[in-house]
Amino acid sequence: MAGRLPHALLLAGAGGLGKAAFATRLSDSLVCTRPDGEGDACGVCAPCRLTLAGSHPDQKLVVPGEPGKMIKIDAIRDLTASSVLSAQEGGYRVFVIDPAEAMNRASANALLKTLEEPVSRTVLILVSSHPDRLAATIRSRCQVVKFAVPPIEEVRAWLAERADPASFEELLAISGGAPLRALQAQEEGWIEESRRLSGELATLKQRKANPLSIVEEWEKRPLTLLSESLKRCLSDLIKLASGLCDTTIYHPGLRGELQSLSEGIDLQLLYGFNDDLVRLDRESAHNLNVQMKLEYIANRWLQITRPGGR
Ligand SMILES: [Zn+2]
């Protein structure tokens with residue numbers, strides 16, 4: 001396989017489908033000197049031992065400095081500079097960029113040069129859950145490998161061996177049927193977070209709590225967990241407020257709570273709030289002040305739930 005491998009691969013598909021695991025497996029097999037019949041790394045040769053120790057000099061994972069932030073141009077320049085050197089262990093040199101859409105424009109431009117002038121025995125693996133956000137010039141120079149959501153019955157069977165049966169259907173819903181994401185949801189407590197958050201949103205809507213004390217509570221929780229949960233709740237609120245009662249939502253276990261939470265809120269205001277969250281995410285990637293972000297969210301929610309709207 002290695003001999004016919006393209007210089008750049010784009011692993012594209014929703015989160016939780018195993019793209020990162022695939023990238024690691026491929027990267028490991030490329031540096032292995034004796035991959036098995038399936039193409040998997042042998043796990044015992046000298047390069048494999050370096051891989052297992054996490055210190056193989058020819059494997060590099062390029063990620064944002066902090067989760068949710070951008071991949072800076074310096075990281076790509078390092079990649080470009082080392083990609084022209086020959087591999088230290090004599091095999092392949094493999095770079096994994098995850099998530100590729102975290103590259104800003106300057107980073108993407110810097111990478112483009114490497115994509116346009118491929119170096120032999122160097123492989124770039126781009127991982128992206130949002131390939132639409134990548135520059136077309138980047139996408140067009142990669143061989144795209146699409147990861148699709150497996151049939152629901154297969155996911156059910158796989159998950160049945162690994163997940164808590166009581167929250168099984170809820171895990172499937174909140175993960176959009178992506179198996180690894182369902183496990184992540186279970187481990188990180190996504191359902192519990194949404195339950196807590198929808199309760200807090202209800203309290204705020206009813207003006208029964210001091211918004212600042214709610215913000216204080218939010219600050220104690222992982223920001224990504226909270227903001228992803230908020231986006232999923234809001235998506236459900238929009239569907240429920242649109243009167244799409246029998247539609248699939250992320251939180252079937254909270255349908256009643258979310259239904260009453262959506263009551264009396266103008267649909268346009270919900271859409272506006274959603275746009276604000278998307279914009280906030282984009283801005284946060286550059287400059288994140290957690291407290292201001294959370295206060296802004298609480299204030300916007302208070303605005304759109306003000307009796308009479310606006
Ligand atoms: Zn090996």
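# Salt bridges, zinc and cores

Q: Which residue meets the side chain of E169 in a salt bridge?
A: This salt bridge spans 3.1 Å, N to O. The structure is a predicted model. The partner of E169 is R156.

Q: How many residues apart in sequence are the parts that E169 and R156 tie together?
A: E169 sits in helix α7, residues 168–174. R156 sits in helix α6. The pair therefore links parts whose separation in sequence is 13 residues.

Q: With which residue does R156 form a salt bridge at 2.9 Å?
A: Both partners lie in helix α6, residues 152–160. They are 3 residues apart, about one turn of the helix. The partner of R156 is E153.

Q: Is E153 buried or exposed?
A: The relative accessibility of E153 is 54%. The exposed class begins over 50%. So E153 counts as exposed.

Q: Which residue forms a salt bridge with E200?
A: The closest N and O atoms of this pair are 2.8 Å apart. E200 lies in helix α9, and its partner in the loop between α10 and α11, so parts 21 residues apart in sequence are tied together. That partner is R221.

Q: Are E200 and R221 buried or exposed?
A: Buried means under 20% relative accessible area. E200 has 10% relative accessibility, and R221 has 9%. Therefore both count as buried.

Q: Which residues are linked with E200 and R221 in a network of salt bridges?
A: E200 and R221 already pair with each other. The network also takes in two other residues. They are E193 and R196.

Q: Which residues are the protein donors of the zinc ion?
A: Each donor atom is an SG. They lie 2.3 to 2.4 Å from the zinc ion. In sequence the donor residues follow the spacing C-x9-C-x2-C-x2-C. The residues are C32, C42, C45 and C48.

Q: What is the arrangement of the 4 donor atoms around the zinc ion?
A: The angles run from 105 to 117°. Four donors need all angles between 85 and 135 degrees to fit the class. The arrangement is therefore tetrahedral.

Q: How many disulfides does a search of the whole structure find?
A: A disulfide is a covalent bond between the sulfur atoms of two cysteines. The search covers the whole structure. The number of disulfides found is 0.

Q: Which helix gives the most to the largest nonpolar core?
A: This core has 29 residues. Six helices each supply at least two residues of it, including α9 (190–205) and α14 (290–304). The top contributor, with 8 residues, is α11.

Q: How many residues has the other core, which includes L10 and I76?
A: W218, L270, I297 and W301 have the most contacts inside the largest core. Another core lies apart from it, with A102 and I138 also among its residues. The number of residues in this other core is 22.

Q: Which peptide bond is cis, with omega near -5°?
A: P99 lies in the loop between β3 (93–97) and α4 (105–116). The cis bond leads into P99. It runs from D98 to P99.

Q: What is the phi of R207?
A: R207 is in the loop between α9 and α10. R207 is not a glycine, yet its phi is positive. The value is about 60°.

Conventions:
Residues numbered from 1 in each chain as written. Predicted model: local features only at pLDDT ≥ 70, side-chain atom pairs only at ≥ 80, totals over all residues. Heavy atoms only, no water. Core = buried A, V, L, I, M, F, W, Y, C linked by side-chain atoms within 4.5 Å. Buried < 20%, exposed > 50% of the residue type's maximum accessible area, 1.4 Å probe, protein only. Helix = DSSP H or I, 4+ residues; strand = E, 2+ residues; numbered from the N terminus. Donors = N, O, S within 2.8 Å, 3.2 Å for Na, K, Ca; no water. Tetrahedral: all angles 85-135°; square planar, octahedral: opposite > 155°, others 65-115°. Disulfide = S-S within 2.5 Å. Salt bridge = Lys/Arg side-chain N within 4 Å of Asp/Glu carboxyl O.
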